[in-house]
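Q: Please take a close look at the interior of this model, with attention to its pockets, cavities and nonpolar cores. What lines the empty space, and which parts of the chain supply the packing?

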Amino acid sequence: MPKRAISRLSSISYGLFVYGLGALCLAFMVVPVLISLIMSFTSAQTLKFPPPGLSLRWYAALFDPAQSSIIHSAAANTLEIAVLAVLASLVFAVPASFGMARIGARRANAIEPLFLAPIVLPSLVYGLALLIAANLLHISPSIWLVVLANVVVFGPLMYRATSSIATQLDISLEEASSLLGANRWDTFRRITLPLLAPGIFAGMFLVFIQSIENVSLALFLAPAGTQVLPLEMFAMLTDTLDPRIAAISGVLIAIAILVLIAVQRLTPFLRPQRSEG
C-alpha cells in the first residue's frame with residue numbers, strides 16, 4: 001500500500017477515534033440532562049420516560065407556595081448556604097492565589113498541595129469528621145457549620161481557578177502602574193483585580209454549584225428540622241417519584257446556563273481598558 005494511502009488511512013482512523021470518543025463522552029454528559037428536561041414537562045403523576053404527554057403543570061406546582069412551601073424553604077436555605085460559601089471562599093481563595101503567584105516557585109510547589117488537599121478528600125468523609133469534631137467541642141449542627149464545610153471542601157476550586165490566572169499575570173503592568181503614581185490598592189483594584197476576574201468568576205460558579213448540589217455535608221451538618229434542597233429532592237425521589245424533582249432540575253439547569261452567559265458577557269467589561277491619547 002502506498003505511503004500516502006497509509007498516511008490518509010491513519011489520519012482518518014485517528015479522527016474517527018478522537019471525534020468518536022469525544023462524541024460518546026459528550027452524549028454521556030448531555031443525554032441525561034436532556035432526559036431530565038423532557039421528564040420535567042410530563043403530564044403523568046410520577047416520573048416516567050418517555051412521558052405520556054407534555055404539560056407545564058409541575059412547574060406551576062413548583063412555583064405555587066401552597067403546594068411547594070417546603071421546597072421553597074429548602075431552596076432559600078440552600079441559596080443562603082451557597083452565597084455565604086462563595087463570599088467566604090472569595091475572602092480566602094483570591095488573596096491566597098495572588099500571594100502564591102508572587103512567592104518563589106519552590107515554596108509555592110511545597111505549600112500548594114495543602115490548599116488543594118480537601119479536593120481529594122471525599123466530602124462524605126469530611127462531613128462525618130467535622131460532625132465528630134463539632135460534637136467533641138460541644139458545637140451543634142448549624143447552617144454556619146454547613147457553610148464552613150463547603151468553604152473547606154469547595155474553596156480550593158476557587159483557589160485553583162484564580163491561581164491559573166494569577167500565575168500568568170505580567171508583573172510589569174503593576175510596576176508601570178506604580179511608576180505612574182498609583183498606590184498598591186489602586187493598582188490592585190484597577191489592574192490586577194480585573195485581570196483576575198475570569199478566574200474569580202469561574203471559581204464562584206464552581207463553588208456555588210457544588211454548594212447547591214452537595215448532599216453529604218448537609219446530611220451530617222445541617223440542624224435537625226432544617227430543609228435543604230438536595231436532601232428534600234432525595235426524599236422526594238425515594239418516597240414518591242414526585243415529578244417536581246425534574247422541574248427543580250430544569251430550573252437549576254436554566255440558572256446554570258444563565259450564570260455562564262452572564263459571566264461570559266460581563267468578563268470583557270471588567271478588564272482594564274487602554275487609554276487612548
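**Pocket, cavity and core**

A: In this predicted model, the lining of the largest pocket consists of 22 nonpolar residues, two polar ones and one charged one. That lining numbers 25 residues, and Ile212, Leu229, Met233, Ile248 and Leu252 are the ones nearest the pocket centre. Two or more lining residues come from each of α2 (57–63), α3, α8, α10 (229–239) and α11 (244–270). The volume of this pocket is about 730 Å³.

Enclosed space is also present: there are two cavities of 30 Å³ or more. The largest cavity holds about 70 Å³. Its lining is made up of Thr78, Ile81, Val146, Asn150, Ser211, Ile212, Asn214, Leu217, Ala218, Val228 and Pro230, with α3, α6, α8 and α9 each giving two or more residues. Seven of these lining residues are nonpolar and four are polar, while none is charged. Ile212 thus appears in this lining and also among the residues nearest the centre of the largest pocket.

Ile81 and Leu217, both in the cavity lining, belong to the largest nonpolar core, which has 29 residues. They are among those with the most contacts inside that core, together with Tyr126, Leu130, Ala149, Val207 and Leu221. The elements giving two or more residues to this core are α3 (69–100), α5 (123–136), α6 (143–166), α8 (184–213) and α9 (216–221). Of these, α6 provides the largest share, 10 residues. Beyond its neighbours within four places in sequence, Leu217 contacts Ser123, Tyr126, Gly127, Ala149, Asn150, Val153, Phe154 and Ala222. Another core, of 11 residues, lies apart from the largest one and includes Trp58, Leu229, Met233 and Ala247.

Conventions: Residues are numbered from 1 along each chain as its sequence is written. This is a predicted model: local features need pLDDT of at least 70, side-chain atom pairs count only at pLDDT 80 or more; totals for chains, interfaces and linings use all residues. Side-chain values use heavy atoms; hydrogens and water are left out. A nonpolar core is a set of buried Ala, Val, Leu, Ile, Met, Phe, Trp, Tyr and Cys residues joined through side-chain atoms within 4.5 Å. Buried means under 20% relative accessible area, exposed over 50%, partly exposed in between (1.4 Å probe, protein chains only). Helices (H or I, at least four residues) and strands (E, at least two) are DSSP runs, numbered from the N terminus. Contact means heavy atoms within 4.5 Å. On a 1 Å grid over the protein atoms alone, a cavity is a set of points where a 1.4 Å probe fits but cannot get out, and a pocket is an open set with protein on both sides within 12 Å along at least five of seven lines; lining residues have an atom within 4 Å of a point. Grid points are joined across faces, edges and corners, and a volume is the space filled by probe spheres set on the points. Ala, Val, Leu, Ile, Met, Phe, Trp, Tyr, Cys and Pro count as nonpolar, Asp, Glu, Lys and Arg as charged, and the others, Gly among them, as polar.
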